[in-house]
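Biologist: Could you take me through one part of this model at close range? I would love to hear about the three-stranded sheet and what lies across it.

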Amino acid sequence: MDFLLSLLCSLGLSAVFLLLLRQLRCRVLRLPPGSLGLPFIGETLQLISAYKSDNPEPFIDRRVKRYGAIFTTHVFGEPTVFSADPEMNRFILLNEGKLFDCSYPGSISSLLGKHSLLLMKGSLHKRMHSFTMSFANSAIIKEHLLVDIDRLIRLNLDSWKDRVFLMEEAKKITFELTVKQLMSLDPGEWSEGLRKEYVLVIEGFFTLPVRLLSTTYRRAIKARTKVAEALAVVVRQRRRQTETGQKMMNDMLGALLASGDRFSDDQIVDFMLALLIAGYETTSTIITLAVKFLTDTPLALAELKVVHETLRVGNIISGIFRRAMTDVNVRGYTIPKGWRLFASFRAVHLNSQHFKDARSFNPWRWQSNWEAGGGSPGNVYTPFGGGPRMCPGFELARVVVSVFLHRFVTQFSWAVAEEDRLVFFPTTRTQKRYPIIVKRRDEGTE
């Protein structure tokens, strides 16, 4: 009993000491104002709780109102500086590799793999980012990918009838498209089995990266192993074909195998595994949200000018994590070396200082801007990030969404089968996969 009491007292004193030490350090270093929350867990539970709801804004809103657009918190095991300021976000994006390095929670890092594009750094990242963009630029899309995009979308839509879970079907479409682009494989049992494992991998994002303590993380790691093994089989087969002089396929895997970098099988598997997640998760969510917003805004259906506004309101990429490589003095604050930063694109996109009635879906706001001779405002509109790590597949994503919407609205009328809501953790999605009732329009309609 005495031992237990002593232990509790020691833990209590340690917690008080840590809180005092934090407060002292904040004053000495001129850190951005904020709260580090409870020892060890910080404000992680409040963040997760907010993003599991259909209204995550209050987590940032309350802190911005109290501390300003740049504030300090403690999430996912580390002190983190949050930025809801567009100029600060731009500063972070443009100083990639100079003042800031890519840094994500341990669960994401382990599930993507150390050779994924998201985690690469320096010259290797620059080279592989350019390589990825070379397979998703406008010329390649028009000359090589557009036919497959249209074919696979129509193939899937042809099987639709009655009740459809739109988000599930959109994920199937985008996964098949990404598999085709990476490995020239057509849809089948193999790709569908692989896709189901990916669902489990993504569920493991933002979990405690300790197998013994998190069932979700343990399940995600197991699924990740299965995905990696399946991809490794394809890589080995294609490598043997290349070494025996067989005709090389004109896809990303073929280019990786022919590269002068002499990538190992493990490197290629990590690289493709992460690209499959990127192509599968984000584009399918944009498609689902675009249809949802069209359903809620019937007047926009006639013009189909919804993609920009869907990206702004939907915030598929909520923000990006970075780590300070050195003590960084910015905006009157000091961000200590080793501290993590989170540049919140969502907070900027939904701020009425930057967009009138920012939390309302209004696709016509873009039309008035273009008619005035402007484009999308770069500092405050960053749906695909920016700087050296801007999403390399942004052009491809826009084309896939546009082709899908064209085919969908010209072939079907639809109604919501069941009320659904958006949730934002661990990724942006609809809670019930957005069920709709579809009815095919007259035959021959294009």
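Modeller: Happy to! Two strands count as paired if DSSP finds at least two bridges between them, and the strands themselves are DSSP runs of E with at least two residues, just as helices are runs of H or I with at least four, both numbered from the N terminus. The model is predicted, so local features need pLDDT of at least 70 and side-chain atom pairs count only at pLDDT 80 or more, while totals for chains, interfaces and linings use all residues. Residues are numbered from 1 along each chain as its sequence is written, and side-chain values use heavy atoms, leaving out hydrogens and water.

Now to the sheet: three strands make it up, open and antiparallel, in the order S4-S12-S9. At its edges are S4 (162-165) and S9 (412-416), each of which pairs on one side only. On average, neighbouring strands here are turned by 35° against each other, direction ignored.

S9 is joined to S12 (residues 435-440) by five bridges, and the two run antiparallel. Within that pairing, Phe 412 of S9 stands opposite Arg 440 in S12.

Helix H17 (residues 394-411) lies across S9 and S12, where contact means heavy atoms within 4.5 Å. H17 runs at about 90° to S9; axes are lines fitted to C-alpha atoms, for helices over the stretch in contact, with angles from 0 to 180 degrees between N-to-C directions.

For comparison, the model also has an open sheet of five strands, ordered S1-S2-S8-S5-S3, whose pairing is mixed. There, S1 (70-75) and S3 (100-102) stand at the edges with a single partner each, so one side of each has no neighbour in the sheet.
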